[in-house]
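Work through these exercises with the sequence and the structure side by side. Try each task before you read its solution.

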Amino acid sequence: MFPIWRTFSHSCLQAGTSVAADLLGWEKRVGRLVPGLLADLVVVDENPLKDIAALQRVKAVMLNGVLVRNDYDEAFVKPESTLWANEK
């Protein structure tokens with residue numbers, strides 16, 4: 001059995017992603033990190049399943065495949081990088 005904190009955090013993350021997409025009828029477009037679906041990403045240093053407040057400490061943001069915020073040094077990822085950089 002999962003600890004109660006993990007179940008709560010997992011439910012919160014799902015409510016804002018896959019469950020929301022399902023309720024809106026957008027499950028074939030967004031809500032999951034799978035090939036073919038649209039996705040914007042946030043990067044955090046900690047596991048939000050262990051501490052949901054980690055989502056308040058965002059380190060990087062990717063919108064439409066373009067890195068728009070990067071609080072890491074350049075070794076992490078170059079600003080011009082895209083999610084589909086290797087696809088041509």
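**Exercise 1. The lining of the largest pocket**

Task: Sort the residues that line the largest pocket into nonpolar, polar and charged. How many fall into each class?

Solution. The model is a predicted one. Start with the nonpolar residues: the lining of the largest pocket has 11 of them. Then come 3 polar residues and 2 charged ones. Next, check the total: 16 residues line this pocket. Now look towards its centre. Thr17, Gly31, Arg32, Leu33 and Asp40 lie nearest to that point. Three elements each give two or more residues to the lining: helix H1 (4–15), helix H2 (18–24) and S1. Last, take the volume. The largest pocket holds about 460 Å³ of space.

**Exercise 2. The order of the elements**

Task: Walk along the chain from the N terminus. In what order do the elements run?

Solution. First count what is there: the chain has 2 helices and 3 strands. Then read from the N terminus: the order is α-α-β-β-β.

**Exercise 3. Pairing the strands**

Task: Find the partners of strand S2. How many bridges join S2 to S1, and how many join S2 to S3?

Solution. Begin with S1 (residues 41–44) and S2 (residues 58–63). These two strands run antiparallel, and 4 bridges join them. For one example, go to Val43: its bridge partner in S2 is Ala60.

Move on to S3 (residues 66–70). S2 and S3 run antiparallel, and 4 bridges join this pair. Val61 stands opposite Arg69 in S3. Leu63 has Val66 as its bridge partner in S3.

Finish at the turn. The hairpin of S2 and S3 has 2 residues between the strands. Asn64, in this hairpin, takes a positive phi near 50°.

**Exercise 4. Ser18: buried or exposed?**

Task: Locate Ser18. Decide whether Ser18 counts as buried or exposed.

Solution. Ser18 sits in helix H2. Its relative accessibility is 12%. The cut-off for buried is under 20%. Ser18 therefore counts as buried. Now set aside its neighbours within four places in sequence. Ser18 is then in contact with Gly31 and Arg32.

**Exercise 5. Two residues in one loop**

Task: Which residues do Gly31 and Arg32 touch, beyond those up to four places away in sequence?

Solution. Take Gly31 first. Gly31 lies in the loop between H2 and S1. Leaving out residues up to four places away in sequence, Gly31 touches Thr17, Ser18 and Ala21. Gly31 and Ala20 are 11 residues apart in sequence, and their C-alpha atoms are 7.2 Å apart. With 23% relative accessibility, Gly31 counts as partly exposed.

Now take Arg32, which is placed in the loop between H2 and S1. Leaving out residues up to four places away in sequence, Arg32 touches Ser18, Asp22, Glu27 and Leu37. Thr17 is 15 residues from Arg32 along the chain, and 6.8 Å separates their C-alpha atoms. The relative accessible area of Arg32 is 32%, so Arg32 is partly exposed.

**Exercise 6. Lys50: buried or exposed?**

Task: Find Lys50. Is Lys50 buried or exposed?

Solution. Look in the loop between S1 and S2; Lys50 is placed there. Its relative accessible area is 61%. The cut-off for exposed is over 50%. Lys50 is therefore exposed. Then compare sequence with space. Lys50 and Phe8 are 42 residues apart in sequence. Their C-alpha atoms are 9.6 Å apart in space.

**Exercise 7. The chain as a whole**

Task: What share of the chain's residues counts as buried? How much area does the chain expose?

Solution. The chain has 88 residues, and 18% of them count as buried. The exposed area comes to about 6,900 Å². Carbon and sulfur atoms supply 59% of that area. End with the contacts between residues at least 6 apart in sequence: 22% of these join residues at least 24 apart.

Key:
Residues are numbered from 1 along each chain as its sequence is written. This is a predicted model: local features need pLDDT of at least 70, side-chain atom pairs count only at pLDDT 80 or more; totals for chains, interfaces and linings use all residues. Side-chain values use heavy atoms; hydrogens and water are left out. Two strands pair if DSSP finds at least two bridges between them. On a 1 Å grid over the protein atoms alone, a cavity is a set of points where a 1.4 Å probe fits but cannot get out, and a pocket is an open set with protein on both sides within 12 Å along at least five of seven lines; lining residues have an atom within 4 Å of a point. Grid points are joined across faces, edges and corners, and a volume is the space filled by probe spheres set on the points. Ala, Val, Leu, Ile, Met, Phe, Trp, Tyr, Cys and Pro count as nonpolar, Asp, Glu, Lys and Arg as charged, and the others, Gly among them, as polar. Buried means under 20% relative accessible area, exposed over 50%, partly exposed in between (1.4 Å probe, protein chains only). Contact means heavy atoms within 4.5 Å. Accessible areas come from the Shrake-Rupley method with a 1.4 Å probe; for residues, only the protein chains shown count as cover.
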